[in-house]
Structure formats: structure tokens, C-alpha cells
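Please read the following report alongside the sequence and the coordinates. It covers the domains, strand pairing, chain contact and model confidence in turn.

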Amino acid sequence: MNRYAVAAIYKFEMARTKRTIFQSIISPVISTSLYFVVFGSAIGSRITEIDGVSYGAFIVPGLIMLSLLTQSISNASFGIYFPKFTGTIYELLSAPVSSFEVLLGYVGAAATKSILLALIILATAHFFVPLEIAHPFWMLFFLVMTAITFSLFGFIIGIWADNFEKLQVIPLIVITPLVFLGGTFYSVSMLPPFWQTVTQFNPVFYLISGFRWSFYEVADVSLLTSFCVMSGFLAFCLLAVTWIFKSGYQIKQ
Amino acid sequence: MQPIIQITDVNKVYAGGFQALNNINLSIKPAEIFALLGPNGAGKTTLISAICGIVDATSGQITVDGKDIVTGYRHTRSLIGLVPQELTTDAFETVWTTVSFSRGLFGKKPNPAFIEKTLKSLSLWDKKDNKMIELSGGMKRRVMIAKALSHEPAILFLDEPTAGVDVELRKDMWQLVRELRNDGVTIILTTHYIEEAEEIADRIGVIKNGQLILVEDKIALMNQLGKKQLILDLKEPLIEIPAQLTDFNLQLQNEGMQLIYSYDTTDEHTGISALLQQLSVAAIAFKDIKTDQSSLEDIFVSLVREKT
């Protein structure tokens, strides 16, 4: 194991967060606070409770997931896309590092950053709504697993993208709608039957459901189902990354 | 002596079908300076990239320090430092962090003293806290070299190292290359500047259309292919070469005002004395005399044209 290389990549990526603190931390915190104000206060005054949980508190896990998913993808995709864009990837390709070590550095840093952000948002949420975490272990488990899985997914997007538009297209037109339609702001049981069926095909719905269960023990699907869907998506990302490194897709000529 | 790099039957065909390398065979000796010359698109950068692992060879084998670059990549890559042709840098990183990053990436424990020494040797110490974006092109080139040297490589690849740098910096770099070689580092450089190869290389390879058309010791190459000429500026023009001088390899130029005698420097008898004697007999007077030897550039141009 080239641990110095892993540390170098990890530190390099973490240092980028410091340089872009507004974009990386402050901006998502402000956006999430606005969600609390708009959805929690304005709509929350009309919808008082969902499954016995106050509306403001109900949306907290979904909002954390929204930031976690988008930031994991954004951090990892930018992390690997930038060396490709600037040409500095030559150094990575000519270094004595394995694919696993490269992943460990980039995905590790991206996941760390998004977990830190999620924890900051969780702390921020405390200022707006009273929060309880019924199962802290499962909460952290979902947090870490989701961050790793979606950082891997972001890494794949960063490799696939050959321009800035492609880098943005999946997070904007796929991930954000999936999060919004995955039960961030409502319980699926509130939807008409047709849309309830459609929601069953949204993988993010299972993540939010499982994560919300760790807070309030209320969920649209069982914990096991959420766990299986997340594990399945993680396995898919790992297989895709393995294929990318073996084939050299979009990295080597 | 075991070669430090051994390239055997290497071919590279890109996805579009373009053959960038065509059956390359080459051995690089330890601690030599090898210059790879060739026109644009000849395959110089592809060859370097294949050795460093940036592109995969389609067929053939490359070994570094006796180890295959695919199966033994950890060992082979840790021995190599690469200065690429393009100034590809992280614009917002400082000189210190980018050079330290390279050392870590190549598996070396942090060593601030070594990084300091490297930056000082490249006159970069006072720029260590500057962001890359703030540096001039020449300074960025020095940083690229510092990054390549940061992990103390045994082999250094310099892909067009002095492209776009001023004369002073070019000479500094030549000096650095010589010092590195004296420390036992093997250096492979590609260049468009023939004078660069002439100045610092021990051996020269010429590549064209993906084929290595020549590999030769620089001095031997110049002796072997270098022609020397004796040029006589005449007082009166000649219409033709007089009959008594036809045995000499002579040419008339500049409307008969210059007589050019080509000879082989390696011959024991160059024929110069005999020629001068015959000129005197033929009463051909000259006002000036000079000699000219073909440069590596002339040799390179003639080789590339010959093989076209």
C-alpha cells in the first residue's frame, strides 16, 4: 500500500475545501437554512405533523440527504475531473499508485467533506427544530455509507465527463429530481396510488426512508429494504469503477 | 552493463487506427543522457508516455531496472520522474504544496529539507509560497522539474524541457541536467533544439513516423556523417573547374567566386596540401580560406529527408 500517495491525494482534496469554503460549506448551509424557513415554517404551519413527527423535524433527514448526495457527487466528480481538465492527471497515471489507492484518496476525501457538511447541517437544524436521533449508530451508518456510495458515483461521473456540462448534467437533471421526489418533504403515503408506485423505482426514496427511520423510527419501507437498495447501488458503483480502471475508459489512451 | 530501460518490439496503435509507434527497440544505459529527436508527431511523446505508464503499448515489452512496467509498475514508476511537454499545473496551489504533493504521490515520506534543497537548486526558493498562477512560463517549467525531482528519481524524462524558455534558463537547465547525470541519474530528453542535443546528449535517437530510424553515439554520429568543407574565396571568378583539379571533390559556387572542397575528416590524407599545391600550379589565387563542418542539425535534416 502506497500510504503516502493516499495521504497526498486526501490532503490535496481536503485543502481544496479550505480554499473554496464558501462553495463547499457555507453555500449548502445557507440553502438548507432557507429550506427550513420556507418549508419548515411556511408549510409547516399548515402541515403540523406527519406520522407523529412535526413537519419541521420530519424534513430534516431528507434535507441532510439532499446535501449529502449532491455534495458527495460534486466533490468527487470535480476532484477527478479537474486533473483531467488541466492535464495534471499525467502525474497520477505515472505514479506508483494502484486504482484502489487512487479511489481511497479521492472518494475518502469527498466522503469526508460531505459527512462534515451533513453534520454541520444537522447542527444547524437544531436551531430551527427540536431533534431526536432514536438510533445514532444507524444514523451514522446511513450517513457514511451514502457518502461513500455517492462519492463513488461522483467519481464515475467525473471520469465519464469530458466537459463541464456533462459534469453538471447528472446531478442537476437526475439526482436533484430523485431527491425531491424521494420523500424529502413528504411521506410517500400522502401521494396518490399511481405516484406511490412510481416512487418505488426511485433509489433515493429508500435512502431517505432508512435515514429518517434512524431519527424517528418512522419509515415508508423497512430498514432491511433500505439497506439492500443502498448495498446494491454501492455494488453497482464498485463494479463500474473496477471496469473503468481495468479498461482505462476516459483516462488512458 | 544491464540497461536501465529496455524497449522490445513496442507498437502503439491509437483507437482511431493511427500507429504512433512502430516496432520500437531501444536500450538506455544507466546514467547516460539520451536525446530523442524527431519532427512533430513523430512519436516522441507517445514513447515516453508508454514507458511512464500514461498510455498502454498495443504490443511489445518495456522493462525498467529489469522489471516489467505493467507487472512491476510500483518499482518502475517509483524510479521515474517526468517533466511533460505542456505546462500542466494546479493554478491555485503554491509551489511548495505542489512539489510536496508529487513527492507523496510517488510514495516518498515527507522530507521538507529535500524539497527545500530542490527548490533552491532550481532558484525557486523565494517563490515557494507563490501560487502557480502567479509564475511566469519559465518559472512554471522549473516547478515542473522540481515536481519530477521531488521523489529522487533514478531516471528523468524531459519532454521538450526548454521549449519557450529564454537562453539563460536553457543554459541553467543544461547545467542541471549535467549535474544530475553526474549524480547517476539517467536522462532521456526529447527536443526540437538540435543544439540542445549537440550540447548535452551522450547518445542520439531519431524517430520518424513512429519508427526509430537511428540510434548512435553523438560523437560517432557526427564523425560518421559529418562532412567537412574547405571554402576558398577566389580573387577572380572561374567559369569551370580546371582540368588539373578534376581529381578533387570540388564544386564552384557564388558565380564562380567560391571553390568548395569536401573531404572526410577521418581520412589520414585529406588532400588539402595537394589541392593547395595544384591551385598554385594552376595560378588560381584566393583571398580567403575557411572550413565548415556539418552540424547535428544538418545531419538530422538530411536523415529525416532521406527516410521520407
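The C-alpha centres of domain 1 of chain B and domain 2 of chain B are 46 Å apart, domain 1 spanning residues 5–223 and domain 2 residues 228–293, with bounds that come from an automatic or database domain assignment. The model is a predicted one, in which local features need pLDDT of at least 70 and side-chain atom pairs count only at pLDDT 80 or more, whereas totals for chains, interfaces and linings use all residues. Residues are numbered from 1 along each chain as its sequence is written, while chains are lettered from A and ligands numbered from 1 in the order in which they are written.

Strands in chain B are described here as DSSP runs (E, at least two residues), as are helices (H or I, at least four residues), both numbered from the N terminus; two strands pair if DSSP finds at least two bridges between them. The table sets out two such pairings.

| Strands of chain B | Sense | Bridges | Facing residues |
|---|---|---|---|
| strand 1 (residues 5–13) and strand 4 (residues 59–64) | antiparallel | five | Thr8(B) and Gln61(B) |
| strand 4 and strand 5 (residues 67–68) | antiparallel | two | Thr63(B) and Asp68(B) |

Strand 4 and strand 5 of chain B form a hairpin with two residues between the strands, where Asp65(B) takes a positive phi near 55°.

The contact between the chains, with residues counted as touching if their C-beta atoms, placed from the backbone, lie within 7 Å, takes 20 residues from chain A and 26 residues from chain B. On the side of chain A, helix 1 (3–19) and helix 4 (89–93) are the elements that give two or more residues, and helix 1 of chain A gives the most, with six residues.

Tyr10(A) is found in helix 1 of chain A. Because 19 other C-beta atoms lie within 10 Å, Tyr10(A) is partly exposed, a class between buried (20 or more such atoms) and exposed (12 or fewer). Beyond its neighbours within four places in sequence, Tyr10(A) is in contact with Gly105(A), Gly108(A) and Ala109(A).

Confidence is given as pLDDT, the predictor's confidence in each residue from 0 to 100. Chain A has a mean pLDDT of 85, with 97% of its residues reaching 70 or more; among its elements, strand 1 (residues 49–50) of chain A has the lowest mean, 76, and helix 6 (residues 136–160) of chain A the highest, 91. Where pLDDT is low, the predicted coordinates should not be read in detail.

Technical notes
Two residues are in contact if their C-beta atoms, placed from the backbone, lie within 7 Å.
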